[in-house]
Amino acid sequence: MWSLTLNTHSMNNPHQLREGVRQIFSAVAESPADKHSFPVGVAYAENVGYPGDLLAGLPAAATEAFTGLSNVSIFADIPAGATALDLGCGSGLDTLIAARRVGPNGKVIGVDFSEAMLARAREAAAEAGATNVEFRQGDAERLPIEDGSIDVVIINGIFNLNPARSDIFRELARVVRPGGFVFCAEVILREPLPPEEAANLTNWFA
C-alpha cells in the first residue's frame, strides 16, 4: 500500500497538500490493484451506479483505476453535439461515457493534474477509438480552457481534495458559456470536523 508522509502542518500548506493528492492518485493510476485508502476499480464503479454492461464495454485502462464518487456522466444532461469538460477526469471513464453522449459532432475535454492518470485516459481513449476526446494536464483553479467554450461540465469529486475552491468556481464561471451547466458529485460534511480529525490524513483520502 502506498503511503503519504505529511505532518499536521502540511495540511495547512496548499502546495504540499496538492502534491500529496497528486502522488496518491498517480499511485492508483500506476498500480490500481494495490490496496489503497479509498475504493478503486470496476466493482466500486458498479456500486456507485454505473451499469455493469456499460463498464464491461469500456477499456480496462479506464475502469480499473476509477476513483470517482458517483455516476455523474450518466445522470448529467449531456446533449448531442455539446462541448463537455470532464474536470478531474482521472483514468477517463466519465470522459468516454460523455464522448458517446455528445456524439461525433461533439467534443469532450478531460483535464487532470496527474500525468499518470492522463496516460491511462489517453490509452483508454485510443483503445476505444474515441476520436472526439482530448486530454489536457492542468489544475482545476487554472484551467487550460478557453473562455466561454464549454457547454457542460462534469465533476466527479475534486472539491473535497482541493482547498482552492473559490478559484475553481471562478474558473468554471470563466470557461462555461452563458446558459451552460455544471454537474458535480461531491462529498459534503454536515458539520465541521473537530480539529484533530481535520488534521488526520485518513479523513482527506478515505
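## The main nonpolar core

A good place to start is the largest nonpolar core, which has 32 residues; Tyr50, Phe66, Ile78, Leu93, Val108, Phe135 and Ile154 touch the most other members. Several elements give two or more residues to this core: helix 2, helix 3, helix 4, helix 6, helix 7 (115-128), strand 3 (133-137) and strand 4. Helix 6 provides the largest share, 6 residues. Please keep in mind as you look around that this is a predicted model.

There is also another core, lying apart from the largest one. This other core has 16 residues, and Leu85, Leu87, Leu143 and Ile155 are among them.

## The chain as a whole

Now for a wider view. The chain holds 10 helices and 5 strands. Its length is 206 residues, of which 50% count as buried. Among contacts with a separation of 6 or more, 72% are between residues 24 or more positions apart.

## Helix 6

Helix 6, the element with the largest share of the main core, runs over residues 93-102 and is mostly covered, with 8 of its 10 residues buried. Those buried residues are Leu93, Asp94, Thr95, Leu96, Ile97, Ala98, Ala99 and Val102. Just after helix 6 comes Gly103, which has a positive phi, near 75°.

## Tyr50 and its surroundings

Tyr50 is worth a closer look. Tyr50 has a relative accessibility of 1%, so this residue counts as buried. Setting aside residues up to four places away in sequence, Tyr50 touches Ala45, Leu55, Phe66, Ser70, Asn71, Val72, Ser73, Ile74, Leu93, Asp94, Ile97 and Asn156. Three of these partners, Leu93, Asp94 and Ile97, are among the buried residues of helix 6.

Tyr50 also belongs to an aromatic cluster, together with Tyr44 and Phe66.

## Aromatic pairs

How many aromatic pairs does the count come to? The count comes to 5. One of them joins Tyr50 and Phe66 in an edge-to-face arrangement, with 5.3 Å centre to centre and 75° between the planes. Tyr50 sits in the loop between helix 2 (42-47) and helix 3 (52-56), while Phe66 sits in the loop between helix 4 (60-63) and helix 5 (72-75), so the pair ties together parts that are 16 residues apart in sequence. Phe66 counts as buried because its relative accessibility is 4%.

Phe159 and Phe169 form another pair, this one stacked: the centres are 4.8 Å apart, and the angle between the planes is 15°. This pair links distant parts of the chain, 10 residues apart: Phe159 is in the loop between strand 4 (150-156) and helix 8 (165-175), and Phe169 is in helix 8. Phe159 has a relative accessible area of 9%, so Phe159 is buried.

## The two sides of helix 8

Which residues of helix 8 are buried? They are Ile168, Glu171, Leu172 and Val175. These residues cover an arc of only 100° around the axis, so they lie on the same side of helix 8. The cover over them includes strand 1 (83-87), strand 4 and strand 5 (176-185).

On the other side of helix 8, Phe169, Arg170 and Ala173 are exposed. Phe169, then, is an exposed residue that stacks with Phe159.

## Ile145 and its partners

Ile145 lies in the loop between strand 3 and strand 4. Is Ile145 buried or exposed? With a relative accessible area of 5%, Ile145 is buried. Leaving out neighbours within four places in sequence, Ile145 is in contact with Leu85, Ile109, Val111, Arg136, Ile150, Arg174 and Val175. One of these, Val175, is also a buried residue of helix 8. From Ile145 to Val176 there are 31 residues in sequence, and the C-alpha to C-alpha distance is 9.6 Å.

## Arg22 in helix 1

Arg22 is found in helix 1, which covers residues 14-30. Its side chain makes a polar contact of 2.8 Å with the side chain of Glu19. Beyond its neighbours within four places in sequence, Arg22 is in contact with Phe113, Ser114 and Gln137.

## Cysteines

A disulfide is a covalent bond between the sulfur atoms of two cysteines. How many disulfides does a search of the whole structure find? The search finds 0. Cys89 has a relative accessible area of 7% and is therefore buried, whereas Cys184, at 34% relative accessibility, counts as partly exposed.

Technical notes: Residues numbered from 1 in each chain as written. Predicted model: local features only at pLDDT ≥ 70, side-chain atom pairs only at ≥ 80, totals over all residues. Heavy atoms only, no water. Helix = DSSP H or I, 4+ residues; strand = E, 2+ residues; numbered from the N terminus. Polar contact = N/O pair within 3.5 Å; in protein donor to acceptor, adjacent residues only side chain to side chain. Contact = heavy atoms within 4.5 Å. Phe/Tyr/Trp six-rings, centres within 6.5 Å; stacked < 30°, edge-to-face > 60°. Buried < 20%, exposed > 50% of the residue type's maximum accessible area, 1.4 Å probe, protein only. Core = buried A, V, L, I, M, F, W, Y, C linked by side-chain atoms within 4.5 Å. Arc of directions from axis to C-beta. Disulfide = S-S within 2.5 Å.
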